[in-house]
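This report describes parts of one protein model. Look at the sequence and the 3D view first, then read on.

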Amino acid sequence: MLDQDQPHFDALETRSAEAREADIARDLPEQVARAQALPGYGDSFAGVDAGAITDRAVLAALPVLRKSELGRAQAAASPFGGFTTRPASGFAHIFQSPGPIYEPGDVSADWWRIGRFLHAVGIGAGDIVQNCFGYHLTPAGMIFESGARAVGAAVLPAGVGQTELQVRAAADVGSTAYAGTPDYLKVILDKADEMGVSLGITKAAVGGGALFPSLRQEYADRGIRCLQNYATADLGNIAYESPAMDGMIVDEGVIVEIVRPGTGDPVAEGEVGEVVVTTLNPDYPLIRFATGDLSAVLSGVSPCGRTNMRIKGWMGRADQTTKIKGMFVRPEQVAEFVARHPEVVRARVVATREGEMDAMTVQVEVEGTAPERYADSVVACLKLKGRVEVMAPGSLPNDGKVIDDQRSYD
């Protein structure tokens, strides 16, 4: 049980740079050796002396593992592609994310390391967390439930939807904290205002989408501290905000590199590049896993006293895959949509903001067809509802884009 009067989750957060690198020199060779023994990596590490991989510079010489490779490996060796040190039956949970990609999950020792982030938000014993991340197939709900357990908080496993019931439950059980996508909390709060119900939520741990400054300010005006983290289903917590709100602090259970997109070459501090992560989780040893996300390293350390590397946070995608309403939308899904309709020349997904909510429009190049014809296919292929806009053939820009993220992150 954690004492929330203590500013830090554990001593790892305030290690000196020398102590952190010494721990990496001890732990990284063991992790690379685990990976070498797994069939999923094949010949990727052939001839590599795992014992010599003791720092970030040497790590940078190893190949990058991309999610597309993970998907192909899983297709050949279901469900985890030979990348786990346990069989599927040895995990507490098996999840499916869009792709589909399968991820393992466990209930031991804050397996995804989210407790560190919730502690930074101020969530702990005595709190009731309204967990509005999904619990079905995808792992986010269980990821945050695991973190709540690590800090001693109770959980209301709410998921998404049925907003009136969400409001009633929050009021009846006395929810003090929210976990979910950044904009869904506003949906709940606005519904509570409409119903004339007063809620006691004062803390919010958000992820799965961008936290726009105007929305954070709206929550602050309501007396809610709202901090965000950066996590993935494969890697768990990667980085998180502290109350200093000065960049995102890299989690203690991963090694983060920023590399030039399309390569594995680290860029200079401050230069924007792709986030590549090596996890120290012994059950799922992903080495130099490319997230497809863009960020940059911030110089110095956080004013809150946590000493690990900081990154600027999510700055867009190195590829066209993007998150809309907390869900990844991939070019392959757009291609599947087009394949369902031979009359469609081209299609493009456009991500925008309407008020404080994500919005998705699917622009379809087709001759004289009603947009309603494509609504069901949009949901089936993209897993999200969106507006359909029918356009004349040849009217979309000839720039190769199938996903156009027009949201501003300033």
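The text below covers a strand and its neighbours, then a pocket, then the cysteines.

**A strand and its partners**

The model is predicted. Strand β19 covers residues 357-365, and 8 of its 9 residues are buried, so the strand is largely enclosed by the rest of the structure. Buried here means a relative accessible area under 20%.

Which strands pair with β19, and in what sense? Strand β18 pairs with β19 in the antiparallel sense, while strand β20 runs parallel to β19. The table sets out the two pairings.

| Strand paired with β19 | Residues | Sense | Bridges |
|---|---|---|---|
| β18 | 346-354 | antiparallel | 9 bridges |
| β20 | 387-391 | parallel | 5 bridges |

Individual residues show where these strands meet. V349 has V362 of β19 as its bridge partner. On the β20 side, T361 stands opposite R387.

The connections between the strands can also be followed. β18 and β19 form a hairpin, with 2 residues between them. In that turn, G355 has a positive phi of about 65 degrees. The route from β19 to β20 involves helix α10, residues 375-382, and together β19, α10 and β20 make a right-handed β-α-β unit.

In a regular strand, side chains alternate between the two faces of the sheet.

**The second largest pocket**

The second largest pocket has a volume of about 530 Å³. Its lining consists of 27 residues. Those that lie nearest the centre of the pocket are R113, D251, E252, G253 and L280. Two elements give two or more residues to this lining: α1 (17-36) and β11 (254-259). The largest share comes from α1, with 5 residues.

What kinds of residues line the second largest pocket? The lining divides into 13 charged, 9 nonpolar and 5 polar residues.

**Cysteines without disulfides**

How many disulfides does the structure hold? The count is 0. A disulfide is taken as a pair of cysteine sulfur atoms within 2.5 Å.

Why is C132 not bonded to C226? The closest cysteine sulfur to that of C132 is in C226, but it is 13 Å away, which is too far for a bond. C132 is also buried, with a relative accessible area of 3%. C304 is likewise in no disulfide, and the nearest cysteine sulfur to its own, again that of C226, is 17 Å away.

Methods:
Residues numbered from 1 in each chain as written. Predicted model: local features only at pLDDT ≥ 70, side-chain atom pairs only at ≥ 80, totals over all residues. Heavy atoms only, no water. Buried < 20%, exposed > 50% of the residue type's maximum accessible area, 1.4 Å probe, protein only. Helix = DSSP H or I, 4+ residues; strand = E, 2+ residues; numbered from the N terminus. Pairing = 2+ DSSP bridges. Right-handed = clockwise from strand over helix to strand, strands pointing away. 1 Å grid on protein atoms, 1.4 Å probe; cavity = no way out; pocket = protein on both sides within 12 Å on 5 of 7 lines; lining within 4 Å. Points joined across faces, edges and corners; volume = space filled by probe spheres on them. Nonpolar A, V, L, I, M, F, W, Y, C, P; charged D, E, K, R; others polar.
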